[in-house]
Amino acid sequence: MRTCSQSYNLPSSNLEHMEPQVCLKRKREPSPTPESSKRVKETDGNRVPESEHRSGSRPPRLSLPFDRLQEPVTLKDLTELLQFAALGNTGGLKQPSWCRLHHQKNVSGVSVILLEGLSQAHFYRHYLHFKHLRTKYTSRHSYTPSPGNMISEIFSSEVVNNSPADALGDQKSAQPEGGLQWHPVIRKFGLETRGLTGYLLTQEEMIKKHFPVRGMPGSEGFVCTDSDDCVTDSSPLYGLDCEMCLTECGNELTRISLVDSRGSCVLDELVKPPNRILHYLTQFSGITRAMLQPITTTLREVQSKLKKVLPRDAVLVGHSLENDLVALNLIHPHVIDTSLLYRREFGRRFKLKVLAETVLKKQIQTEERKGHDPTEDAQAALELAQYFIHTGPRQVVELYCEELWGGSPTMYQPPVNRATSTHNNNSSLRFAEALKSSGQSAVFIGKRADNTLDLANQQWHSSDREVLSSFKRGLDSHSFSVVQLSSFSDHLKAMISTDQHYHTMSQRLREMCVVFAGPLPSDYTERAVRRLFSSCGTVRAVRLLNATQRVHAEVEFELLEGAVLAVEMLNGTLLHSGHIVKVQRPVKESMLDLDVFLSSLQDDPLNANVIYAAGLKANAKTAQFAAKVNGTGLNANAAAEVNETGLNANIAALPGKVNRARLHAKANHSGLLEKVNGTFLNAKAKLAEANGPGLHAKAKFAKLAELSVEVNGTLLQVKTMLAEIAAEANVGARLHAKTAGLCEEDLREAFGQYGTVQGVILPAKHSGKQKRRRHAFLKYDSPDTVDAVLSSPVELWDRKVSTRRALTPPHLCSWVTMTTTTGSDRETLDESLQETGREEQEVACVMRKLDRRVGKLFRSLPDNTLSIVLLPGHKSSHGDGLCFLEVKQGSAALSDHAPDPMLPA
């Protein structure tokens, strides 16, 4: 049986028309004269000869404000930086909007390292294993995962030339109007009807769409059919469909169906996977345990039968056929894929069920049927291909444009060709084209990928070791490289449950921010616990543990510093009830290296000269404002004083007392003031009448008794009114104190007495909540200043402030929310969602290998190379990514030019 070669070189037959890669390797140049050096700078703004570097030119470096580190970086931000670093002012580009790259002209190259499958949570969960990543890269940012193909988006990103000079060439052109010719099917196949050979996938298309191709990575050991190149428009079509189940090694074949050009089934076999089955995927495959129980047919036997059945000029037809051929471990060079015949915009594909219902008027994959019927699916794909070939692309689009594509053909507009389009009257190119236009060579090295870079500039390999070797060999040939290390991504695919992996990781990170406190008084509430521990930092959750004989509490902080301070400060605290509270960490296997972990975090370059301050409250001005508002209101004391006056010999003084109180309330509540004033003016008139001459003593007494009842009622009304005014004033003051909170100016003033405060980070306000800001991070200019702050008792507005060295890197807002885990999830984590010790060790081993390879890649880079390491994160809710930035500099450059990268120039 013939198998395929394992060579990874791209096929030269399909790449002869492509331009060769540009080699930028330089010869050593003699030391230039000042005139020649100046001339080199003027003619080539992107590269500076090594001799000029040695002559004392300033090395490139990155800088950005300290408080900007909490804002996540997006792919758009990264492409801004990559484009400016590679093309600079010569390409008419401006500095990135979120950071500054100084001395860009001296950048010798750009390298992007992509660690597939890793997220921010992975880095901090295995922080101690990433020695090179955390020490060699001094700038670190959270990264918002991109929904698309990140590598393609980098190379296809638009480069807009902002300079008035035509640095990238004159590319203005008129755009034709929209219409049928711009439909995705017509753009690909044209308006004329063709024979079947006009719809065969080319080898380049098969490579980009991940079909097994001879000599490509991932196709090692695949069987090749006995096909030849003599395929004509009369060659036979065969419909193919396969069903798979999930095993320990991924998706494996369980059933295959093959139909001939008349739709007759010529092969329908159940197949026994060689590896243990984890899930039969019955909902889709229709395969059950009982069906496979008696089956002994192997994949090798099915491959042999297929080779016997298929003629040498057979054309295989299927829907997303690459998945079927991969499951079969089969290579066949002549294929038609119906998902690419009836094509859509932006690489999207129609489902076979939708196409069959719309075009063939057939119902397949119905809900009442248990799983798919592969013979039925193979027949549907065959009929769709035959209909398309016979009818032609134009008529297919005209007949089904509204049903399938959702509109008339006239709605389609010409595609944006970045090589010929204009943007705000500025010429634009794709980034890959701009690199080529400027004489630079770009390369992608990694696993087989579907990206927009020319195949001639891609090097595919099946292992990280091969990727590293290939990168080192071609280091002098490329000025811009994207290197993909995918060993951890492969490891994740082999896991039984990736959700279990992420849940376990989330639990481990959460445990570091948890403390247990007790014993507590039996009547202690969650609110009281939160109030006690909020002096250490933001408390995320409190849970009272009443199942124990004495009451204890589980306290979860947002940040590690809160948990550390709680153990250091509150352990042994004596409560008013006489209880001595013990505060301690959870005792678990994952916490055994916590001290080492905290020490390493404290020494992290990002935390250099940074302190954490907790127990902060609103400033003195806010407190004075609240007191002033409360004083102007009519408080409860004034109301009590009025009430005690009653009917006595000095009853005539009552209106005066009320009037004096009324003057204080005037600024707060004019409506209530008028009501009170009117009431007591009436009472004063009646009192004068009762004391008037001519009335008998008995009549006077009756008048006074009547007045007494009326005034007492009025007093109750006044008391209620005064309470309302006072309450309103207090609420206003509290609301102002909440919204005012901490501000950077107050902290700089309070903490500036110890030394220069270079930056302040306040926690971001939670959307929809008015949470008080009770902690902050402050960056000083020197370690001595930090020591002075930590050795002195710090008071802020007559309140003691807790301080310690920072543990949380500036880009992190919370340790707990790096991966999302709901409350209901947490209850089951300990019971059913924890990895075994063996799996933990395997993951740790992969992380250490990855870190070593990143270290080797970094060491091999030339000086003055911008290096970016990207942990892309996940498009799902499993957490953000992480981005590392560094300009590699020689030892001399590091000693001469070493400003803080987290501060503006």
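## A helix pair: α14 and α16

In this predicted model, helices α14 and α16 cross with right-handed geometry. Helix α14 covers residues 352–360 and helix α16 covers residues 393–405. Their axes come within 11 Å, and the crossing angle is roughly 140°. Anything over 145 degrees would count as roughly antiparallel, so α14 and α16 end up classed as oblique to each other.

Who does the touching? On the α14 side we have Val354, Leu355, Thr358 and Val359, and they meet Tyr400, Glu403 and Leu404 of α16. By type, the residues in this contact split into 5 nonpolar, 1 polar and 1 charged.

## A four-stranded sheet

Further along the chain, 4 strands make an open sheet, ordered β25-β26-β24-β27, with antiparallel pairing. The edges belong to β25 (757–761) and β27 (802–805), each of which pairs on one side only. From one strand to the next, the twist averages 25°.

Inside that order, β24 (residues 610–614) and β26 (residues 775–780) run antiparallel and are joined by 5 bridges. If you want a spot to look at, Ala614 has His775 of β26 as its bridge partner.

## Helices on the sheet

Which strands does helix α22 touch? Helix α22 (residues 560–570) packs on the sheet against β24, β26 and β27, and its direction makes about 115° with that of β27.

Helix α30 (residues 783–791) also lies across β24, β26 and β27. Its direction relative to β27 is about 145°.

Conventions: Residues are numbered from 1 along each chain as its sequence is written. This is a predicted model: local features need pLDDT of at least 70, side-chain atom pairs count only at pLDDT 80 or more; totals for chains, interfaces and linings use all residues. Side-chain values use heavy atoms; hydrogens and water are left out. Two strands pair if DSSP finds at least two bridges between them. Helices (H or I, at least four residues) and strands (E, at least two) are DSSP runs, numbered from the N terminus. Axes are lines fitted to C-alpha atoms, for helices over the stretch in contact, and angles run from 0 to 180 degrees between N-to-C directions. Contact means heavy atoms within 4.5 Å. Angles under 35 degrees count as roughly parallel, over 145 as roughly antiparallel, 65 to 115 as roughly perpendicular and the rest as oblique. A crossing is left-handed if the near helix is turned anticlockwise from the far one by less than a right angle, and right-handed if clockwise. Ala, Val, Leu, Ile, Met, Phe, Trp, Tyr, Cys and Pro count as nonpolar, Asp, Glu, Lys and Arg as charged, and the others, Gly among them, as polar.
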